[in-house]
Amino acid sequence: MVFVIAWILGPDVLRDTVPLLVVFAIALGLELQFLVGALRGGARRRVPDRLPQQVDRERYGFAEDDDEETDEVLSPAAPSPFRGFLVGLGVLAVLAAVAWVVEGRTGWSSLDGDTKLATVERLSEEASRMADKDVTVGCDEARDYVGYVQHADGIAVVGGDRTYVTPEICFDLHGLAFEGDVRGSRTGRAIAVLAHETWHLRGESDEGTTECYALQSGVELGQRLGLGEATARRLMAQQLTENRLRGLETAEYRVSSECRDGGRLDLDPAGSTFP
Ligand SMILES: [Zn+2]
């Protein structure tokens, strides 16, 4: 719960790196563990003797057959483990509601219709320029195409004219293009995703090649959206490093060794900078 509160009030970096759903899942898991632990422990524990203790019996003279009467006075109902569980659930529900409100005020869904439209138009314009034909970029608010389930931040048909990216990617690109908001590797990732999908629209189907081209084009795309050249290069170089580190888990997306200055996939063989 402390972590959830820190997530709500705390620095952006926490919100950017830890999905709140995970935090709630862990909190719920702990709650269940406490409940199960309490129920098991309760079953194992010996049922306590409800009679007055020997020392009291001696002092106050309770008779052995007096227990029905003394029970009411001396044995209040033990607190049910379910009660603690329900209180915990209630607190989590309140925190979830607060987090939902906070999220609604900070994410893509917090933007008004005109702003969203302006963002989508701007991104479509940049993508069309890169793809060398008219294409449109959609922000998949309903998560019909992209999101947690599909394990992708964007989707595009190879050679098509429409791509969808997640609302998070749209929001980060909006922040960069309209607010000058640079959020480190998160901004780099958003640029790389848009560039990646645009290369698919251009007709490239191989994932590794697409990503290599995307990180090179991302330098110009980043600059067009408001980054300085040095920052744009640094962010794309960072994405390339992350791609190589991730390589083993997602071999399909791994850029090849030709993705280097002077390599077969270098889009600007004459230049000496890469990406
Ligand atoms: Zn792809």
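**Strands and a helix pair**

User: Which way do strand 1 and strand 3 pair, parallel or antiparallel?
Analyst: Parallel. Strand 1 covers residues 136-139 and strand 3 covers residues 162-165, and 4 bridges link them. Keep in mind that this is a predicted model.

User: What stands opposite G138?
Analyst: Y164 in strand 3.

User: And strand 2? Which way does it run against strand 3?
Analyst: Antiparallel. Strand 2 is residues 154-156, and 3 bridges join it to strand 3. There, G154 faces V165.

User: How many residues lie between strand 2 and strand 3 in the hairpin?
Analyst: There are 5. Look at G159 in that turn: its phi is positive, about 80 degrees.

User: New topic, helices. At what angle do helix 9 and helix 10 cross?
Analyst: Roughly 120 degrees. Helix 9 spans residues 185-202, helix 10 spans residues 207-224, and their axes come within 8 Å.

User: Why is helix 9 called oblique to helix 10?
Analyst: Because of that crossing angle. Roughly perpendicular stops at 115 degrees, and roughly antiparallel starts over 145.

User: Is the crossing left-handed or right-handed?
Analyst: Helix 9 passes helix 10 in a right-handed crossing.

User: Which residues make the contact?
Analyst: From helix 9, they are I191, A192, L194, A195, H196, W199 and H200. From helix 10, they are T210, E211, Y213, A214, L215, S217, G218, L221 and G222.

User: How many of those are nonpolar, polar or charged?
Analyst: The contact has 9 nonpolar, 6 polar and 1 charged residues.

Definitions and conventions. Residues numbered from 1 in each chain as written. Predicted model: local features only at pLDDT ≥ 70, side-chain atom pairs only at ≥ 80, totals over all residues. Axes fitted to C-alpha atoms, helices over the stretch in contact; angles between N-to-C directions. Helix = DSSP H or I, 4+ residues; strand = E, 2+ residues; numbered from the N terminus. Parallel < 35°, antiparallel > 145°, perpendicular 65-115°, else oblique. Left-handed = near helix turned anticlockwise from the far one by under 90°. Contact = placed C-beta atoms within 7 Å. Nonpolar A, V, L, I, M, F, W, Y, C, P; charged D, E, K, R; others polar. Pairing = 2+ DSSP bridges.
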